[in-house]
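Please look through the sequence and the model shown here, and then read the report that goes with them.

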Amino acid sequence: GRPELQLVYNLGFTILSFFIPIIGLFLTFWALGSTETANITRVVLAGLLDAMGVCVMHYLGQAGISNYTCVYHVAYFVGAGVIAVVASIAALMILCLYQSPNAVWKRLLIAAVLAAAVTGLHWLAAVGTEYQLKPLNGSEGISESYTIVPVIVLVSRSSLLWMMC
């Protein structure tokens, strides 16, 4: 209930974390190539790029917290990365292996895989993070306008994946 204890985000980190998944998805689909058939090497590379974009977005956003120091537990950090990699590769396998590109079932399955992965990744990352309050210097709490940025990131990423399918 104390405003000075609310998370305060650095605007620069927040904006950068918005663009990271966009760049990551661009690289993801560039790695898949423009050919009709994608080989397993391209799918794995693209999945790694996509997972890296998601993880960098999350941890870069965490680095932007100005009034707390985040302490990460290695097992949770690695676990979150593994979830991101496996889910990204699985979603891209579904995208590339089934030859009905406009099928609604395919989009729903990919969306379900990615939604479960994002939920699992963020839950695991949150459980494995300790927030240590830095000495208070009279800073104000987080502005409500900053709350919209994570929502925009998630909607943009989902929209891009939907359009690319």
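The report below moves from the whole chain to its helix pairs and then to single residues.

## The chain as a whole

The model is a predicted one, and its chain contains five helices and two strands. Following the sequence from start to end, these elements come in the order α-α-β-α-α-β-α. Of the 165 residues in the chain, 36% are buried. The accessible surface of the chain is about 9500 Å², and carbon and sulfur atoms account for 71% of that surface. If one takes the contacts between residues at least 6 apart in sequence, 82% of these contacts join residues at least 24 apart.

## Helix 1 with helix 2

Helix 1 covers residues 11-32, and helix 2 covers residues 40-63. The axes of these two helices lie 8 Å apart, and the helices pack at an angle of about 180°. Because of that angle, helix 1 is roughly antiparallel to helix 2; an angle over 145 degrees counts as roughly antiparallel. When the residues of this contact are sorted by kind, 16 are nonpolar, five are polar and two are charged. On the side of helix 1 the contact includes Phe-13, Leu-16, Ile-20, Pro-21 and Leu-27, while on the side of helix 2 it includes Arg-42, Leu-45, Asp-50, Gly-53 and Met-57.

Two residues of helix 1 can be looked at more closely. Leu-27 is found in helix 1, and this residue counts as partly exposed because its relative accessibility is 32%, which lies between the limits of 20% and 50%. The C-alpha atom of Leu-27 is separated by 7.8 Å from that of Asp-50, although the two residues are 23 residues apart along the chain. Ile-23 also has its place in helix 1, and with a relative accessible area of 47% Ile-23 is partly exposed.

## Helix 3 with helix 4

Helix 3 (residues 74-97) and helix 4 (residues 104-127) have axes that come within 8 Å and cross at roughly 175°. That crossing angle makes helix 3 roughly antiparallel to helix 4. The residues of the contact between these helices divide into 18 nonpolar, two polar and one charged. Among the residues of helix 3 that take part are Tyr-76, Ile-83, Ala-87 and Leu-95, and among those of helix 4 are Lys-106, Leu-109, Val-113 and Val-127.

The length of each helix can be checked against an expected value. For the 24 residues of helix 3, a rise of 1.5 Å a residue gives an expected span of 34 Å, and the end C-alpha atoms are 34 Å apart, which agrees. For helix 4, which has 24 residues, the expected span is 34 Å as well, and its end C-alpha atoms are 34 Å apart, in agreement with that value.

The buried residues of helix 3 include Gly-79, Gly-81, Ser-88, Ile-89, Leu-92 and Cys-96. Helix 1, helix 2 and helix 4 are among the elements that cover the buried residues of helix 3. In helix 4, the buried residues include Lys-106, Arg-107, Leu-114 and Leu-121. Which residue of helix 4 can serve as an example of burial? Ile-110 lies in helix 4, and Ile-110 counts as buried because its relative accessibility is 4%, below the limit of 20%.

## Pairs that are separated in sequence

The table gives three pairs of residues, with their separation along the chain and the distance between their C-alpha atoms.

| Pair | Separation along the chain | C-alpha distance |
|---|---|---|
| Leu-27 and Asp-50 | 23 residues | 7.8 Å |
| Ile-23 and Gly-53 | 30 residues | 7.6 Å |
| Ile-110 and Ser-88 | 22 residues | 9.3 Å |

## Two further buried residues

His-58 is found in helix 2, and at 12% relative accessibility His-58 counts as buried. If residues up to four places away in sequence are left aside, His-58 touches His-122 and Ala-125. Of these two partners, Ala-125 is itself one of the buried residues of helix 4.

Thr-129 belongs to strand 2, which covers residues 129-133. Is Thr-129 buried or exposed? Thr-129 is buried, since its relative accessible area is 8% and buried means under 20%. Leaving aside residues up to four places away in sequence, Thr-129 touches Gln-62, Cys-70, Val-71 and Tyr-72.

Notes
Residues are numbered from 1 along each chain as its sequence is written. This is a predicted model: local features need pLDDT of at least 70, side-chain atom pairs count only at pLDDT 80 or more; totals for chains, interfaces and linings use all residues. Side-chain values use heavy atoms; hydrogens and water are left out. Axes are lines fitted to C-alpha atoms, for helices over the stretch in contact, and angles run from 0 to 180 degrees between N-to-C directions. Helices (H or I, at least four residues) and strands (E, at least two) are DSSP runs, numbered from the N terminus. Angles under 35 degrees count as roughly parallel, over 145 as roughly antiparallel, 65 to 115 as roughly perpendicular and the rest as oblique. Contact means heavy atoms within 4.5 Å. Ala, Val, Leu, Ile, Met, Phe, Trp, Tyr, Cys and Pro count as nonpolar, Asp, Glu, Lys and Arg as charged, and the others, Gly among them, as polar. Buried means under 20% relative accessible area, exposed over 50%, partly exposed in between (1.4 Å probe, protein chains only). Accessible areas come from the Shrake-Rupley method with a 1.4 Å probe; for residues, only the protein chains shown count as cover. The expected span of a helix is 1.5 Å times one less than its number of residues.
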